[in-house]
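Colleague: Please introduce this structure to a reader who has not seen it before.

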Amino acid sequence: MLQAIGLTSSPRRDLPPAVDDLTFDARPGQVTALLGPAGSGRTTTLRLMLELEPGRGVTYFRGRPLQRIAHPAGEVGVLFGDVPGHPSRTLRSQLRMLCAAAGVPASRADEMLEFVGLTGLHDQRIGRLARGMDRRLGLASALLGEPHTLLLDEPGAGLSAREKAWLHELLRAHAADGGTVLYTTADPKDAARNADRVVTIDKGRLVAAQDAADFARTRLRPRVAVRTPHAARLAAAVSQEARAARRSVEVITERGNRLSVYGSDCAAIGETAFRHGVLIHQLADEVGDTGPLRAPERPGPASEAAVSADAPVPPVSEPGPHKARRRPARSPLRPLRYEVRRLLGVPTTPLVAAAVLVASVVISVLLARTGRTPLPTVLAGWPALSPLPPAALGAGLLGAFSFGDEYRYPALTTGRGAVPRRLGLLLAKLTVATAVGVVLAVLVVVADLEALRLVYGGELIPVPKNWPTLCASWLGLIVGCAWAGVLGAGVFRVAAAGVAAVLSVPVVLAPLLRLVTSGPAARSIAGLPARLREFASVEWPVAADRWLLGALRVAAQPVGVALALALTALLCAYVITGIHRKARW
């Protein structure tokens, strides 16, 4: 059973809370509709249940709060609005990425595409989906972990009658298998027709919790729907005969040629139309809304007991909302696989890599024309006017997209809260950014070298003696820029901030460090490897001295120091903002 107890949202500025002390339940094997007009707090209620909104109260999913559920995707499936995902990602790529997040096999993606009727569209881009197909993909995402409970916010909004029928058949099948379904709606007729139980709220407070039959009897009233080309004539005839017979009949003219007649039946309306020679195109019994119910202002003990007679009591074995909570794992269960699928699932990655290679080759060929540019600068494709070479800019851009795309097109928001800021996911992103940076650095050097040999000949390209130091410096620069992009986007929640963090190293930090360290050095680092060997009493190969000395020289450069400082500051800001967010919640 799904039990929501005392849900209360945080007060807004000069306004009452959107949800105020709301308690209700949704039973397994049933479809429950959370009904309310616009602004009644339906969406806020779902967000409070999933801890996506700050507030008070607790929600039990089969006797356990969300904090005690190790794998939430296996217990709760969620659908809020449109499917969150990069518009250029394919359906299969999106679901496989979410499979890694939910900890289920990748084959589950194809199974769910077939289950929701999207088998032939697995290579379709998300941005090209129609509304109905988009909603089917959202349901497939919610069902990936085989959850027991489904929470859906206005799942039928904007769908055709056929798509709505399919949707509610799916929800009914899930409930028939023993699952719990809770969806929000603003249409009383939809709730009466498709739900087993209706929970009505208004202004964030509980109005009633009823079975669908009781709800239809107390909230809706029968009417006769009539469609005729002579609507005004028939309305006048029905009203005249009702007055003559002293019967309470209400006739309402709707759009087109439709009439809604309350207080009569199909037989009486048909006889009236026959007597007056009115042609009838449609005559059917329906139910209509009697208007919104108002929630009680603040019920006393007696009325509160009547309203919440079925209110659940929290399990004794579980802690109440005031006790200490153990938060569930909000990062992907397989973060490295998730990050690889996120990176390779969009065309942005190969496009950026191709642009970097083309720009580097063109710049290196142009720099080598004069013959006065140092070979390392030529191979890096680093002109004097640019703060960074194209490879460093590309690595920083791809690193910034690793968090920037998640904030812009969130993949985990609906089921797990805001984009997760956990150590496992951060390490996965840094690891993948490192691999991408190394591959990009090697490809750029190889492509530039081959282009120079093709244009100018190989005999004019000598191998420098300090190539280990140059290689370490080159790899450190590219990987450091990739990390700066990841951390900058993670702190400021936008990809542009990650790119700005990358550019700030050569444009702002490095010149400042050059000014600070413009004086003579106190002691050279040339003999530091030998001194370290003597101090540690450890023997290592003499060749290792060259690599260690090269790494030290790279770290001692202003750009290297600036990059290290920037990464340290970004990492501290990332940790501090994560701690601040936890404390605020």
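The following exchange concerns a sheet, its helices and the nonpolar cores.

Modeller: This is a predicted model, in which local features need pLDDT of at least 70, side-chain atom pairs count only at pLDDT 80 or more, and totals for chains, interfaces and linings use all residues. Residues are numbered from 1 along each chain as its sequence is written, and side-chain values use heavy atoms, with hydrogens and water left out.

Colleague: Which are the edge strands of the open sheet of six strands?

Modeller: Strands (DSSP E runs of at least two residues) and helices (H or I runs of at least four) are numbered from the N terminus, and two strands pair if DSSP finds at least two bridges between them. The order is 6-7-8-3-9-10, with mixed pairing. Pairing on one side only marks the edges, strand 6 (76–80) and strand 10 (205–211).

Colleague: Which residue of strand 8 stands opposite Thr 32?

Modeller: Strand 3 (residues 31–35) pairs with strand 8 (residues 180–185) in the parallel sense, over five bridges. Opposite Thr 32 stands Leu 182.

Colleague: Which element gives the largest share of the largest nonpolar core?

Modeller: Such a core joins buried (under 20% relative accessible area, 1.4 Å probe, protein chains only) Ala, Val, Leu, Ile, Met, Phe, Trp, Tyr and Cys residues through side-chain atoms within 4.5 Å. The largest has 45 residues, and Leu 137 and Leu 152 have the most contacts inside it. Its contributors of at least two residues include strand 3, helix 4 and strand 7. The largest share, eight residues, comes from helix 2.

Definitions and conventions:
Buried < 20%, exposed > 50% of the residue type's maximum accessible area, 1.4 Å probe, protein only.
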